[in-house]
Amino acid sequence: MIRARPQVGLILGGGGARAAYQIGVLKAVADIIPDDVNNPFPIICGTSAGSINAAVLAASALRFKEGVDRLVGVWENFEIEQVFRADVWSAFSRGGRLIFAMLTGGFGQSSPKSLLDNTPLRELLERHLSFDRIDQAVGSGEMRALCVTACSYKTGRSVSFYRGADDLQPWTRARRLGKHAHINIGHLMASSAIPIIFPAVAIEGEYFGDGSMRQTAPISPALHLGADKVLVIGVRQERQIESEIPAQPMAYPSMGQIAGYILDTLFLSSLNADIERLERINQTLSLLSETNQTQTELKHIETFVISPSEDIAAIAEPHIDALPLSVQYLMRVIGARRGSGERLLSYLLFHSAFCRELIDLGYNDTIEHREKLLEFLG
């Protein structure tokens, strides 16, 4: 009897430069799956930086291992100038205009649309990404769907743009919806537009920002697109929070520290909550009889989560001096160079040495689960 191909959904969340960890996990997956497997993930969902990785994988669905090699080549050689303009003139002119606009209430000149200019990222994507190949992968059946999520500044809704099989239907839920679209670079730039740091992007008359905003159910799009199991790649170490009282009084948190924790909340908290929600649904279904299970629209969804075994913020700390001096100065001004400010910098540290450490970490963490992962992928 021929087993039906499992509809495995891949969930790639946000995290800026931390998304290099995803590449290490994917590199390990490419090494352990059989050579005759074209694409282990017929459904790929990406948000923020994860949307870019997702699009490259979808475009390479006919040759998954080649697509992973391409991603590894880009991330291992990343430089900050490939993502945003970091020269002294660009950084200080935008920062100065922003401060002047704040002091004068916007009088006399227009304030910049964002703190950083990420035009280089758009140019990088234009050189390395073919969206026609995504259509070819869908047409061949190797891809069921690619999904990219962004947040509308007009409605506040989380919008999951998908390109996939003809039988897929759009969906609407509270403050979120799924919408068919011919995904292009604009969708990727919108999904990865971290608020204030990068500019919003116009799509069909609406401005969109980072998809992690208002994304209360990151796993949901994969389920709407037909996934019966999901591989989730996290970008934060899961550990128990210490409850001990610090030996010395804590200093007041700097703006950089606060911004780092805001990004943690933006990128990571909803994913962990959604995994817990899915586990509770699975547990509830296990208590029902087979007859009662057939009378509900809910179904058991198998999950596999891979997350860093080490604290990525701590890994970033030795690499902070690799940032351009202009960026280091701006980060020092907002206090991101002291206390736990490296948490913020770890999201912006698109530097080859840091990215290679994260790739190695992701690879080793995945190899440790080799047998279980192969069984999960079917």
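**Close-up views of a predicted model**

Eight aromatic pairs are counted in the chain. The rings of Phe78 and Phe350 have centres 5.6 Å apart and planes at 70°, so this pair is edge-to-face, the planes being over 60 degrees apart. The coordinates come from a predicted model.

**View 1. Phe78 and Phe350 join distant parts of the chain.** Phe78 lies in the loop between helix 3 (64-76) and helix 4 (88-104). Phe350 lies in the loop between helix 13 (342-348) and helix 14 (352-367). The two residues are 272 residues apart. Both Phe78 and Phe350 are buried. Trp75 belongs with Phe78 and Phe350 in a cluster linked by ring pairs.

**View 2. Phe84 and Phe198 form a tilted aromatic pair.** Their ring centres are 6.2 Å apart, with 45° between the planes. This pair also links distant parts of the chain, with the two positions 114 residues apart in sequence. Phe84 is in the loop between helix 3 and helix 4, while Phe198 is in the loop between helix 7 (185-191) and strand 7 (201-203). How accessible is Phe84, and is Phe84 buried or exposed? The relative accessibility of Phe84 is 0%, so Phe84 counts as buried. Phe198 has a relative accessibility of 7% and therefore counts as buried; the cut-off for buried is under 20%.

**View 3. The charged end of Arg18 sits over the ring of Tyr347.** The distance from the charged end of Arg18 to the centre of the Tyr347 ring is 4.5 Å.

**View 4. Lys229 lies over the face of Phe376.** Here the distance to the centre of the Phe376 ring is 5.0 Å.

**View 5. Helix 2 and helix 3 cross with their axes within 8 Å.** Two packed helices are described by the angle between their axes and the distance between the axes. Helix 2 covers residues 49-59, and its axis crosses that of helix 3 at roughly 145°. The crossing is right-handed. On the helix 2 side, the residues that meet helix 3 are Asn53, Val56 and Leu57. Their counterparts in helix 3 are Phe64, Gly67, Val68, Leu71 and Trp75. Trp75 is also part of the ring cluster with Phe78 and Phe350 shown in View 1.

**View 6. His128 of helix 5 is in contact with Arg70 and Val74.** Helix 5 spans residues 119-128. The contacts with Arg70 and Val74 are found when neighbours of His128 within four places in sequence are left aside. The C-alpha atoms of His128 and Leu71 are separated by 9.7 Å, and the two residues are 57 residues apart along the chain. Leu71 is one of the helix 3 residues that meet helix 2 in View 5. His128 has a relative accessible area of 42%, so His128 is partly exposed.

**View 7. Lys154 is placed in the loop between strand 3 (145-152) and strand 4 (158-164).** Is Lys154 buried or exposed? At 65% relative accessibility, over the 50% cut-off, Lys154 counts as exposed. Apart from neighbours within four places in sequence, Lys154 is in contact with Glu206 and Tyr207. Phe208 is 54 residues from Lys154 in sequence, and their C-alpha atoms are 8.0 Å apart in space.

**View 8. Arg175 has a positive phi although Arg175 is not a glycine.** The phi value is near 65°. Arg175 is in the loop between strand 5 (171-173) and strand 6 (176-180). With a relative accessible area of 46%, Arg175 is partly exposed.

**View 9. Glu204 is another residue other than glycine with a positive phi.** Phi of Glu204 is about 50°. Where is Glu204 found? Glu204 is in the loop between strand 7 and strand 8 (206-209). The relative accessibility of Glu204 is 58%, and Glu204 therefore counts as exposed.

**View 10. The whole chain, for reference.** The secondary structure consists of 15 helices and ten strands. The chain has 378 residues, and buried residues make up 53% of them. Among contacts with a separation of 6 or more, 76% are between residues 24 or more positions apart. The exposed area of the chain is about 18500 Å², of which carbon and sulfur atoms supply 53%.

Conventions. Residues are numbered from 1 along each chain as its sequence is written. This is a predicted model: local features need pLDDT of at least 70, side-chain atom pairs count only at pLDDT 80 or more; totals for chains, interfaces and linings use all residues. Side-chain values use heavy atoms; hydrogens and water are left out. Rings of Phe, Tyr and Trp (its six-membered ring) pair if their centres lie within 6.5 Å; planes under 30 degrees apart count as stacked, over 60 as edge-to-face and the rest as tilted. Helices (H or I, at least four residues) and strands (E, at least two) are DSSP runs, numbered from the N terminus. Buried means under 20% relative accessible area, exposed over 50%, partly exposed in between (1.4 Å probe, protein chains only). A charge sits over a ring if NZ of Lys or CZ of Arg is within 6 Å of the ring centre and within 35 degrees of the ring normal. Contact means heavy atoms within 4.5 Å. Accessible areas come from the Shrake-Rupley method with a 1.4 Å probe; for residues, only the protein chains shown count as cover. Axes are lines fitted to C-alpha atoms, for helices over the stretch in contact, and angles run from 0 to 180 degrees between N-to-C directions. A crossing is left-handed if the near helix is turned anticlockwise from the far one by less than a right angle, and right-handed if clockwise.
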